[in-house]
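Reader: I have a new structure to look at and would like to learn how to read it. Could you take me through it step by step?

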Amino acid sequence: MELPSKLLENAVNEMSQLPGIGKRTALRLVLHLLKQPSEQTELLSAALTAMRNDIQYCKECNTISDADVCGICSNASRDKSIICVVEDVRDVMALENTGMFKGVYHVLGGKISPIEGVGPSQLKITSLVEKVKEGNVAEIIFALSSTMEGDTTNFYIYRQIKEYEVKTSTIARGIAVGDELEYADEVTLGRSLLNRIPFETSIKPY
């Protein structure tokens, strides 16, 4: 794509690094920003810089936060004995939008995937096991996507905690096998959470 300005080309190249943004879409977005008042572009730049530099991760559940402890974990009305295990912050937002879960979360930061070089040590699994060991957890809800990687991760964690007296369950398979949690509609997702089943009955041999 021939562009009349090196500055424009650099901006388009950077914008096209975002997921789902091709060169043509990046060009359209950059040209749109160019037409806006400079103050608006500066506000966008400042917001992105502040987010990148100042955002924190909750020391309790690993979700994105503005403070050491996120609003969910610091909420006294949440049941901290019930932990819902999810892949990333998008899943927390999806489940929170259902308004049906009153426990807390544990964000793993991914799923075990040998093909992609992601093993248990790259995920926040050890801290979850430590929470269970402390004896204050009554139930672990596995809410990873219904994929082989998700099921493998669930099973790995289950084996780490099965010797402790903690109930394990998984969200009901109202979520289609292979679907990502963040794309499920709120009603289906909410019902899957309410109708969760014992994890032991969901284990499938591979």
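**Reading the chain step by step**

Author: Happily! Starting from the N terminus, the elements come in the order α-α-α-β-β-β-α-β-α-β-α-β-α-β. That makes 7 helices and 7 strands. Keep in mind that this is a predicted model.

Reader: How much of the chain is buried, and how much surface does the chain have?

Author: The chain has 206 residues, and 38% of them count as buried. Its accessible surface is about 12,500 Å², with 53% of that belonging to carbon and sulfur atoms. You can also ask how far apart in sequence the touching residues are. Among contacts with a separation of 6 or more, 56% join residues 24 or more positions apart.

Reader: Now a single helix, please. Which residues of helix H1 are buried?

Author: Begin with the general idea. An α-helix has 3.6 residues a turn, so residues three or four places apart point the same way. Now the case here: helix H1 spans residues 6-15, and its buried residues are Leu-8, Val-12 and Met-15. Looking down the axis of H1, these buried residues fall within an arc of 65°, so they line one face of the helix.

Reader: Which residues are exposed on the other side of H1, and what covers the buried ones?

Author: Lys-6, Leu-7 and Glu-14 are the exposed residues on the other side of H1. The cover over the buried residues of H1 includes helix H2, residues 23-35. Look at the start of H1 too: a side-chain oxygen of Ser-5 comes to within 3.2 Å of the backbone nitrogen of Leu-7.

Reader: Where is Leu-31, and how far is it from Ala-11?

Author: Leu-31 sits in helix H2. Its C-alpha is 9.8 Å from the C-alpha of Ala-11, and the two residues are 20 apart in sequence. With a relative accessible area of 33%, Leu-31 is partly exposed.

Reader: What lines the largest pocket?

Author: The residues lining the largest pocket include Ala-11, Met-15, Leu-29, Leu-33, Thr-41 and Leu-48. The elements giving two or more residues to this lining are H1, H2 and helix H3, which covers 38-54. H3 gives the most, with 4 residues. The space in this pocket is about 350 Å³.

Reader: Is Thr-153 buried or exposed?

Author: The way to decide is to look at relative accessibility, where buried means under 20%. Thr-153 has 0% relative accessibility, so this residue counts as buried. Thr-153 belongs to helix H6, residues 148-161. A polar atom of the Thr-153 side chain lies 2.8 Å from the backbone nitrogen of Ile-112. Beyond neighbours within four places in sequence, Thr-153 is in contact with Leu-108, Lys-111, Ile-112, Leu-123 and Leu-144.

Reader: And Lys-131, is that residue buried or exposed?

Author: Use the cut-off again: under 20% means buried. Lys-131 has 18% relative accessibility, so Lys-131 counts as buried. You will find Lys-131 in helix H5, residues 126-133.

Reader: Which residues does Lys-131 contact, and how far is it from Ile-83?

Author: Leaving out neighbours within four places in sequence, the contacts of Lys-131 are Glu-60, Cys-61, Ile-83, Tyr-105, His-106, Asn-136 and Val-137. Take Ile-83 as an example: Lys-131 and Ile-83 are 48 residues apart along the chain, while their C-alpha atoms are separated by 9.6 Å.

Key: Residues are numbered from 1 along each chain as its sequence is written. This is a predicted model: local features need pLDDT of at least 70, side-chain atom pairs count only at pLDDT 80 or more; totals for chains, interfaces and linings use all residues. Side-chain values use heavy atoms; hydrogens and water are left out. Buried means under 20% relative accessible area, exposed over 50%, partly exposed in between (1.4 Å probe, protein chains only). Contact means heavy atoms within 4.5 Å. The arc is that of the directions from the helix axis to the C-beta atoms. A polar contact is a pair of N or O atoms within 3.5 Å; within protein, one must be able to donate a hydrogen and the other to accept it, and residues adjacent in sequence count only if both atoms are side-chain atoms. Accessible areas come from the Shrake-Rupley method with a 1.4 Å probe; for residues, only the protein chains shown count as cover. On a 1 Å grid over the protein atoms alone, a cavity is a set of points where a 1.4 Å probe fits but cannot get out, and a pocket is an open set with protein on both sides within 12 Å along at least five of seven lines; lining residues have an atom within 4 Å of a point. Grid points are joined across faces, edges and corners, and a volume is the space filled by probe spheres set on the points.
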